[in-house]
Amino acid sequence: MSSSTQTPLASPSSSHPKAATCDPAVAADGSRPSTKDGIRLGVGFTLDAIVCAIPWIGLGSIALPQLLDQIDPGSREAMLGLINGIGSIVALLANIIFGTCSDLTRSRFGRRSPWIISGGILTGLCVFGLIFTRSIPLIILLWCGAQMFYNWMKVPFIATMSDRVPDKFRGTISSFYGAGVVLGQTLGSLIGALFISKLNSAFGYSALAFGFMGVIVVSVWPREHSNKDVPREPVSLRMMLASFRPPIGRNARNFWYALSGRLLLVSGYTMISTYQLYIVKYHIYKGSKVSATQLSTMAAGLIAKMAVVTLIASLASALLAGPITDFIKMRKLPVALAGVCIAVGVAMPWIFPSEMGMYLFALIAGLGYGVYNAIDQALNVQVLPNPEEAGKDLGILNISNTLSHVIGVALTSWVVVAAHGNYTMIFPVSIAIVLVASFLIMRIKGVR
């Protein structure tokens, strides 16, 4: 909700000094982090990005699809679409609910830290449960739980960037966070491919990573101050229901373009990344006269090599993008150009249905995705209508990440089923979606 339509919720700095002083060294919570504090914040964001992205991508793009392929090869695409669809709807609701709840939290540990720590532990427990079942209903239940508690942890985590990171450091920290996401996602594909025949080990190590990460990152950051005495409006059912209402009014125009752009860009990329195991198996190696085990080994090998290419390309672009955009004071144009780069990368396996086409996708789309991850979060924070409702609004904005997986997975499943198992048509659909996203991002006003 924009500040023009509702009395804003109280924050640790109810007068919002940053807005009043426009001092780029002052954070939204009124603090003035030192350079040492800025480094600690940057290290915490980067560490969390790497360690959480590795298991999340490894599970979602390799381990879970491989598990479904083993349980029921005849319905793997439909089952993957169903599990991701239900899980993403759960995550969508969790984004809004837990963003609002963290805004309203009052404790001696602050409003974000308790959620980050507990969310990591609960996510780990859900993932750990996957070791003990091959039942589709239980897999759906546990994956939905993991989606819910992962957002329980991540929405307050991202809101911390709005609360505690001033403009002076935001571009650089966002860049390192984006580089961490890129590194973690790439390593997730690589490590997931290495564990393709050891799924229980993949679930066990992932559970440990999630369980300890919240505690570690909160320990690395400067301690979040107590906000027990900060006033807030009374919590009520009406207030919680109002949290589902997105920002409205003239100030929310940029917010909606950012939301739509992110939604479509990630949807298009998800169409390829979530189904990359099946794309390699049944598009690149289509017609291979090998056993199922050999096909899985070949696919894992190609994905691992692609991950190395993506790692080099995306990490380099992510590390450079943030400081460069801080210097040239641009956010919008680099994010839009990153979308164009991703679209070009997606075209490569379509034009060249071979291992080389997948390597070109890994390189070109990796460059674009690195830039996108480095800058997009800083752009999103910049278009928030009301910084005092950062948790709620970022939760709504992060719906685009969640809903994009619903759209991407559903579209891919529908296209492949309609084409009787042919993966060719997913590429032009993905390209069109990503290019529309770049256009919408360029419609944002007042941001270069």
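Gln-185 lies in helix α6. In this predicted model, Gln-185 has a relative accessible area of 17% and is therefore buried, the cut-off being 20%. Beyond its neighbours within four places in sequence, Gln-185 is in contact with four residues: Ala-53, Ile-57, Tyr-369 and Asn-373. Ala-53 and Ile-57 fall within helix α2, which spans residues 35–71. Tyr-369 and Asn-373 fall within helix α13, which spans residues 355–382.

Helix α6 covers residues 167–194 and packs against α2. The angle between the two is about 25°, and their axes are 6 Å apart. Angles under 35 degrees count as roughly parallel, so α2 and α6 are roughly parallel to each other. Their crossing is right-handed. The contact of α2 with α6 involves 17 nonpolar residues and twelve polar ones. No charged residue takes part in the contact of α2 with α6.

Helix α6 also meets helix α11, which comprises residues 292–328. The axes of α6 and α11 come within 8 Å and cross at roughly 180°. Angles over 145 degrees count as roughly antiparallel, and α6 and α11 are therefore roughly antiparallel to each other. The residues of this contact divide into 16 nonpolar, nine polar and one charged.

A further helix pair is formed by α9 and α13. Helix α9 runs over residues 253–273. The two helices pack at an angle of about 155°, with their axes 12 Å apart. That angle is above 145 degrees, so α9 and α13 are roughly antiparallel to each other. The crossing of α9 past α13 is left-handed. From α9, the contact draws on Ala-258, Arg-262, Leu-265, Val-266, Tyr-269 and Ile-272. From α13, it draws on Phe-361, Ala-365, Tyr-369, Tyr-372, Asp-376, Gln-377 and Asn-380. Nine residues of the contact of α9 with α13 are nonpolar, two are polar and two are charged. Tyr-369 of α13 thus appears in the contact with α9 and among the contacts of Gln-185.

Arg-262 and Asp-376 also form a salt bridge. Their closest N and O atoms are 2.9 Å apart. Asp-376 lies in α13 and Arg-262 in α9, so the pair ties together parts that are 114 residues apart in sequence. Both partners are buried: Asp-376 has a relative accessible area of 4%, and Arg-262 has 3% relative accessibility.

Side chains of opposite charge can pair when their charged atoms come close. A search of the whole structure finds eight salt bridges. One of them joins Arg-76 to Asp-69, with the closest N and O atoms 3.2 Å apart. Arg-76 is buried at a relative accessible area of 13%. Asp-69 is likewise buried, at 8% relative accessibility.

Another salt bridge pairs Arg-111 with Asp-103. Here the closest N and O atoms are 3.8 Å apart. Relative accessibility is 4% for Arg-111, which counts as buried. Asp-103 also counts as buried, at 1%. These two residues belong to a network of salt bridges. The network links Asp-103, Arg-111, Arg-112 and Asp-163.

Arg-112 of this network can be placed relative to Ala-159. The two residues are 47 residues apart along the chain, and their C-alpha atoms are separated by 8.0 Å. Ala-159 is found in helix α5, which spans residues 136–164. Ala-159 is buried, with a relative accessible area of 0%.

Across the whole protein chain there are 16 helices and zero strands. The chain has 448 residues, of which 60% count as buried. Among contacts with a separation of 6 or more, 84% are between residues 24 or more positions apart.

Methods. Residues numbered from 1 in each chain as written. Predicted model: local features only at pLDDT ≥ 70, side-chain atom pairs only at ≥ 80, totals over all residues. Heavy atoms only, no water. Salt bridge = Lys/Arg side-chain N within 4 Å of Asp/Glu carboxyl O. Buried < 20%, exposed > 50% of the residue type's maximum accessible area, 1.4 Å probe, protein only. Helix = DSSP H or I, 4+ residues; strand = E, 2+ residues; numbered from the N terminus. Axes fitted to C-alpha atoms, helices over the stretch in contact; angles between N-to-C directions. Parallel < 35°, antiparallel > 145°, perpendicular 65-115°, else oblique. Left-handed = near helix turned anticlockwise from the far one by under 90°. Nonpolar A, V, L, I, M, F, W, Y, C, P; charged D, E, K, R; others polar. Contact = heavy atoms within 4.5 Å.
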